[in-house]
Amino acid sequence: MFVDKVKVYVKGGDGGNGMVAFRREKYVPDGGPAGGDGGRGASVVFEVEEGLRTLMDFRYQRHFKASRGDHGRPKGMHGKNAEDMVVKVPPGTTVVDAETGQVVADLTEHGQRAVIAKGGRGGRGNIRFATPANPAPEIAENGEPGQERDVILELKVLADVGLVGFPSVGKSTLLSVVSAAKPKIADYHFTTITPNLGVVEAEDGRSFVMADLPGLIEGAHEGVGLGHQFLRHIERTRVIVHVIDMSALEGRDPYEDYLLINEELKQYNLRLLERPQIIVANKMDMPESQENLERFKEKLEDDYPIFPISAVTRQGLRELLLTVVDKIEETPEFPLYEETEKSTRVVYRHEKEEAQFALTRDDDGVFVISGAPIERLFKMTDFSHDESVRRFARQMRQMGIDDALRERGAKDGDLVRILKFEFEFID
Ligand SMILES: Nc1nc2c(ncn2[C@@H]2O[C@H](COP(=O)(O)OP(=O)(O)OP(=O)(O)O)[C@@H](O)[C@H]2O)c(=O)[nH]1
Ligand SMILES: [Mg+2]
């Protein structure tokens with residue numbers, strides 16, 4: 001089993017800020033509060049798209065920031081909610097919080113969705129703070145910050161394509177030039193002893209998983225060479241890429257090789273030959289190859305496409321890969337045996353109870369208040385209005401911050417820091 005894995009950063013949009021505004025009506029001396037609420041920030045939502053088979057797309061885009069809600073407006077008008085950002089993932093993607101290691105979502109079915117970073121709610125406008133005692137408050141909230149975190153996407157992949165052929169025909173070399181896989185390559189037989197998998201991207205961005213299998217020889221289906229156990233791997237692939245050494249340097253006849261390998265596949269499992277096959281004529285950079293290819297084509301009776309390439313000089317790869325992806329897409333999966341168990345997985349969600357704040361003291365003597373809840377409250381405070389600031393002071397007192405400061409020995413005038421901001425402690 002091969003695991004495609006990538007780490008991405010997600011951030012939900014911040015909520016829009018609430019507004020401080022007042023009604024202005026002719027002949028009404030003191031208009032009431034009229035500042036509207038901010039709109040909701042967009043969430044980052046992952047959605048399963050069954051056409052995707054790898055996490056390749058995430059190698060290019062690793063940051064997903066959803067947009068913020070609009071700010072509240074006068075006349076009690078709400079800011080607009082932002083539209084969620086939908087990111088497509090392949091079926092089977094597991095999303096894990098990078099910091100806590102917790103599974104955030106297990107995305108399996110087409111169309112299934114999960115919120116990965118929640119957008120912030122809109123800040124309340126001053127209408128919402130009016131009370132009989134304070135009918136015209138100059139208080140508004142800023143929008144709630146959107147959730148942000150690093151998540152790890154994991155996808156267990158099976159090969160879509162298997163490379164088969166005699167030893168030393170260049171299977172591993174081919175995989176190494178079309179993917180990031182680093183299989184061992186050498187000019188002796190059976191260099192590859194276990195399958196290597198790599199994620200391959202065609203020129204148009206579609207991607208798939210390719211398996212490089214150990215070389216097959218006559219009698220492979222009976223367990224000669226390394227055959228048997230690896231033929232098993234081909235059973236799962238949708239498309240077979242049959243690699244042939246056209247240089248015939250080893251004194252073998254390319255067409256005989258071709259027939260022999262297909263016979264081995266058939267002996268092992270008849271149904272393997274029902275699978276689409278693509279013939280790769282490799283080592284076209286060698287002197288005899290062109291002539292051998294012509295002869296091969298004359299003899300070939302099967303209706304399989306042939307792609308002359310050189311894995312070493314990387315010629316002919318583009319067309320080959322595009323055809324391979326097309327074939328994968330038009331070929332259904334081959335269920336050779338009934339799938340008995342569908343693994344069910346329980347997702348345990350566990351949001352740990354967070355302390356409201358932490359109080360520490362910096363080297364420079366400044367008291368530092370940290371922790372998500374207090375920082376969130378801080379960000380949601382509109383410091384441009386004195387009344388909002390006083391409300392924040394009140395909230396800090398209610399959270400027990402003033403007491404904690406006093407306990408730590410804070411005196412009138414000492415500096416206190418939250419995030420990057422400093423203010424004086426007033427007792
Ligand atoms: N000239 C030339 N040599 C190649 C080409 N592709 C592979 N080779 C060489 O052929 C030899 C075998 O390559 P591998 O990629 O290890 O072959 P393999 O099919 O994986 O072999 P096994 O793992 O033993 O089954 C190496 O020396 C490669 O450098 C090619 O396009 N042109
Ligand atoms: Mg190899």
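I began with a term: a salt bridge is a side-chain nitrogen of Lys or Arg within 4 Å of a carboxyl oxygen of Asp or Glu. I then noted that the structure is a predicted model.

**Entry 1. The pair Arg-417 and Asp-364**

I looked up Arg-417 and Asp-364, and their side chains meet in a salt bridge at 3.1 Å, N to O. The two residues belong to distant parts of the chain and stand 53 residues apart. Arg-417 is in strand β17, which covers residues 415–418. Asp-364 is in the loop between β15 (358–361) and β16 (367–370). I also asked which partner is buried and which is exposed. Arg-417 has 15% relative accessibility and therefore counts as buried, the limit being under 20%. Asp-364 has 52% and so counts as exposed, the limit being over 50%.

**Entry 2. Other salt bridges**

I searched the whole structure for such pairs and recorded 27 salt bridges. One of them joins the side chains of Glu-141 and Arg-121, again with 3.1 Å from N to O. Both residues lie in the loop between β7 (113–117) and β8 (148–157), yet they are 20 residues apart and link distant parts of the chain. Glu-141 counts as buried because its relative accessibility is 4%. Arg-121, at 33%, counts as partly exposed.

I followed this pair further and found a network of salt bridges that links Arg-121, Arg-124, Glu-141 and Arg-391. As a general note, side chains of opposite charge can pair when their charged atoms come close.

I then looked up Arg-397, which forms a salt bridge with Asp-402. The closest N and O atoms of this pair are 3.8 Å apart. Arg-397 has a relative accessible area of 48% and so is partly exposed. Asp-402 is at 12% relative accessibility and therefore counts as buried.

**Entry 3. The magnesium ion**

Which protein atoms are the donors of the magnesium ion, ligand 2? I recorded OG of Ser-172 and OG1 of Thr-192, which lie 1.9 to 2.0 Å from the ion. These two donors come from distant parts of the chain, 20 residues apart. Ser-172 is in helix α1 (residues 171–178), whereas Thr-192 is in the loop between α1 and β10 (196–201). I checked their accessibility as well, and both Ser-172 and Thr-192 are buried.

**Entry 4. The surroundings of ligand 1**

I counted the residues that surround ligand 1 and noted 23. The closest are Lys-171, Ser-172, Thr-173, Thr-192 and Asp-285. Two of these names, Ser-172 and Thr-192, I had already entered as donors of the magnesium ion. Which element gives the most to the shell around ligand 1? Helix α1 does, with 3 residues. By kind, the shell divides into 9 nonpolar, 10 polar and 4 charged residues.

I next looked up individual contacts of the oxygen atoms of ligand 1. An N or O atom in the side chain of Thr-173 is 2.5 Å from one such oxygen atom. At Thr-191 a backbone N or O atom lies 2.8 Å from an oxygen atom of the ligand. In the side chain of Asn-282, an N or O atom is 3.1 Å from an oxygen atom of ligand 1. I then asked how much of the ligand the protein buries. Taken alone, ligand 1 exposes 650 Å², and the protein buries 88% of that.

**Entry 5. Backbone angles**

As background, most residues other than glycine have a negative phi. I looked up two residues with a positive phi.

Lys-283 is not a glycine, and its phi is positive at about 65 degrees. I placed Lys-283 in the loop between β13 (277–282) and α4 (289–299). Its relative accessible area is 22%, so Lys-283 is partly exposed.

Leu-419 is not a glycine either, and its phi is positive at about 55 degrees. I found Leu-419 in the loop between β17 and β18 (421–424). With a relative accessible area of 34%, Leu-419 is therefore partly exposed.

**Entry 6. Gly-170**

Where does Gly-170 lie? I placed Gly-170 in the loop between β9 (161–164) and α1. Gly-170 counts as buried because its relative accessibility is 12%. I also compared its position with that of His-242: the two are 72 residues apart in sequence and 11 Å apart in space, C-alpha to C-alpha.

Notes. Residues numbered from 1 in each chain as written. Chains lettered and ligands numbered in written order. Predicted model: local features only at pLDDT ≥ 70, side-chain atom pairs only at ≥ 80, totals over all residues. Heavy atoms only, no water. Donors = N, O, S within 2.8 Å, 3.2 Å for Na, K, Ca; no water. Helix = DSSP H or I, 4+ residues; strand = E, 2+ residues; numbered from the N terminus. Buried < 20%, exposed > 50% of the residue type's maximum accessible area, 1.4 Å probe, protein only. Near = heavy atom within 4 Å. Polar contact = N/O pair within 3.5 Å; in protein donor to acceptor, adjacent residues only side chain to side chain. Areas by Shrake-Rupley, 256 points an atom, 1.4 Å probe, with all protein chains shown as cover. Nonpolar A, V, L, I, M, F, W, Y, C, P; charged D, E, K, R; others polar.
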